[in-house]
Amino acid sequence: ILFEFVGIFFKPPPTVKEWPATIQLDGQVYNPLTDGRQFEDRLIDTDVAVSGSVNLDIGEDDNKGKDPITDATEYSVPIIKSNGETADNSITVDQTGGCFSLPEVSAFLLFPPNAVEETVTLKCSRVKHKECEVKPRDGEIFVSRILKVEPEGVIFKKPVTVLLSHSLDEDQVFLYFYELFVENLSPTGCQELKTERISSIEDIPKEISNKEILENCLPFAKATIRETCTLVAATRARFNQILIPTNRRYAFSKQYGDNAELKITFPAGVTEKILILNVQLFPADAVLNKDIRLNKSLVYAPIIRVSGQTTPFLKAVDVELTYSHSDVVNIEENFLPVEKSIQFTTEYGLLMHNHNETGLKANWQALNESHDVFIERLRKDQLKFSFSVKHFSDVQPMVKTSTAVSFVPPMSASMMNMNNPACHRAIVLAVYKSGGSPKTLYAVLAPKHAESRLSTKWNVIGLRFTSRLKCEEPVYFCVPMSDITESEHLLLKDYTLRFDPEDESELANNTDDGGAFHAFLEG
């Protein structure tokens with residue numbers, strides 16, 4: 001049944017009576033929009049098969065008797081502040097609905113009209129990550145504050161939209177390698193909800209009339225709920241689950257944006273039993289420690305992780321990893337020429353393989369010391385690695401930039417964190433309190449989603465930190481004594497803050513002997 005709205009702007013849309021979506025059955029004509037229940041009963045009674053797809057909405061709803069086009073419900077509401085700024089924030093929702101700000105949790109709740117039967121008061125509190133009974137599943141990371149909406153058991157007649165502000169750095173690397181989702185944290189475990197990324201003011205639901213208030217809280221994870229629950233935004237590296245047959249060849253190929261492509265070829269007879277494997281690719285700068293990432297004498301390609309294998313393959317499996325990055329341009333051409341394939345020996349770098357058959361947490365070995373590995377520089381900014389393995393785990397390629405690089409550090413567990421690969425955006429600010437004694441300079445480091453809260457608390461607009469940060473990474477603060485020269489700095493007894501993706505951190509320093517100009521630099 002198909003109706004095409006031709007010239008919809010030149011004539012009004014059809015009414016229910018004119019709607020051409022009718023079905024003739026036993027000499028009678030039925031309109032699914034008005035006779036849905038009767039039509040369904042006749043189909044059951046007569047056992048008539050209807051070809052094609054007929055989508056009937058025969059349930060009771062608030063739009064019964066309305067034209068589905070001309071009578072569509074639209075509404076617009078301003079953001080309402082909750083009743084307090086404490087962890088016991090509460091909101092009162094009536095049949096008119098509304099959008100409620102929950103600053104303690106960096107979240108917003110949008111109730112459409114008639115979402116509740118009668119006026120109800122909801123408690124919206126924050127649960128700290130460490131105190132939450134439900135923990136992230138393997139490979140997942142909580143990236144927002146946890147919102148708990150109580151009391152339990154309150155059912156909403158219409159879907160309620162939830163916006164959870166988070167601090168993830170949503171660059172191209174994130175879009176290709178990671179996924180963002182909202183989880184309902186029930187006592188029985190985590191339930192993933194259908195999630196939408198809100199990265200700009202234009203993406204914010206149109207029902208919010210003063211959406212500019214939300215700009216400093218971007219980005220959001222958006223989901224809808226039908227009852228009170230506990231919610232958090234989470235992320236994980238994208239993965240592909242593949243099924244390896246026993247008697248035929250299988251090829252896996254995955255493109256990760258413009259930066260990486262992974263191909264794995266399993267020959268026929270590689271396993272005696274059907275295998276289910278999970279394939280992931282981690283960007284190196286998201287899992288390597290900061291000191292390693294800053295070493296520009298080496299180029300680090302993404303880490304390949306294939307999990308689910310318990311015994312070695314019966315035949316070798318071929319792997320190809322193609323990687324494009326501006327860092328590859330730093331490799332000297334006389335060291336690694338363009339359009340030339342060579343054997344990737346330890347003279348050029350290492351292909352590290354974390355071999356877990358022994359059960360050790362970290363047993364890194366140089367695969368190119370015992371296996372044939374080849375590297376080809378396809379373009380000035382692109383490399384391709386080719387090798388074979390009989391047992392998968394984590395594989396990390398590292399390439400020298402020139403013959404002058406004589407040492408490649410051996411991999412160890414302390415060099416990377418595969419369990420917390422998320423990169424965050426942070427806010428930094430310095431607040432000078434000169435009204436009391438002692439005069440105090442506060443250095444503050446916080447996740448991006450705390451930007452609005454910090455502005456209210458300190459009455460100062462924070463600066464967005466230029467570098468992406470990982471959990472527990474240190475940030476060092478110093479204060480120039482003059483706006484003319486930065487060579488003289490105020491000595492800070494405490495000068496290091498470590499990034500916490502859930503909470504803001506601050507340091508207080510006595511500055512009674514300091515100068516009039518107070519600012520900070522990150523180092």
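**Group meeting: strands, one sheet and the cavities**

I will start with a single pair of residues: Leu102 has Ala107 as its bridge partner, and Ala107 lies in β6. Before going on, note that this is a predicted model.

That pair belongs to a wider pairing. Strand β5, residues 98-102, runs antiparallel to strand β6, residues 107-111, and the two are joined over 5 bridges. As background, strands in a sheet pair through backbone hydrogen bonds, in either the parallel or the antiparallel sense.

Now the sheet around them. It is an open sheet of 6 strands, and the order across it is β3-β5-β6-β10-β14-β13, with mixed pairing. Which strands sit at the edges? They are β3, residues 79-81, and β13, residues 196-198, each of which pairs on one side only. On average, neighbouring strands of this sheet are turned by 30 degrees against each other, direction ignored.

Next, the chain as a whole. Its secondary structure consists of 5 helices and 36 strands. The chain has 523 residues, and 46% of them are buried. Taking the contacts with a separation of 6 or more, 68% are between residues 24 or more positions apart. The exposed area is about 27200 Å², with carbon and sulfur atoms supplying 48% of it.

Last, the empty space inside. How many cavities of 30 Å³ or more does the structure hold? There are 2. The largest cavity has a volume of about 70 Å³. Its lining includes Leu168, Asp169, Asp171, Val173, Phe174 and Tyr178. Further along the chain, Thr235, Ala286, Ala422, Cys423 and Arg468 also line the largest cavity.

How values were computed:
Residues are numbered from 1 along each chain as its sequence is written. This is a predicted model: local features need pLDDT of at least 70, side-chain atom pairs count only at pLDDT 80 or more; totals for chains, interfaces and linings use all residues. Side-chain values use heavy atoms; hydrogens and water are left out. Helices (H or I, at least four residues) and strands (E, at least two) are DSSP runs, numbered from the N terminus. Buried means under 20% relative accessible area, exposed over 50%, partly exposed in between (1.4 Å probe, protein chains only). Contact means heavy atoms within 4.5 Å. Accessible areas come from the Shrake-Rupley method with a 1.4 Å probe; for residues, only the protein chains shown count as cover. Two strands pair if DSSP finds at least two bridges between them. Axes are lines fitted to C-alpha atoms, for helices over the stretch in contact, and angles run from 0 to 180 degrees between N-to-C directions. On a 1 Å grid over the protein atoms alone, a cavity is a set of points where a 1.4 Å probe fits but cannot get out, and a pocket is an open set with protein on both sides within 12 Å along at least five of seven lines; lining residues have an atom within 4 Å of a point. Grid points are joined across faces, edges and corners, and a volume is the space filled by probe spheres set on the points.
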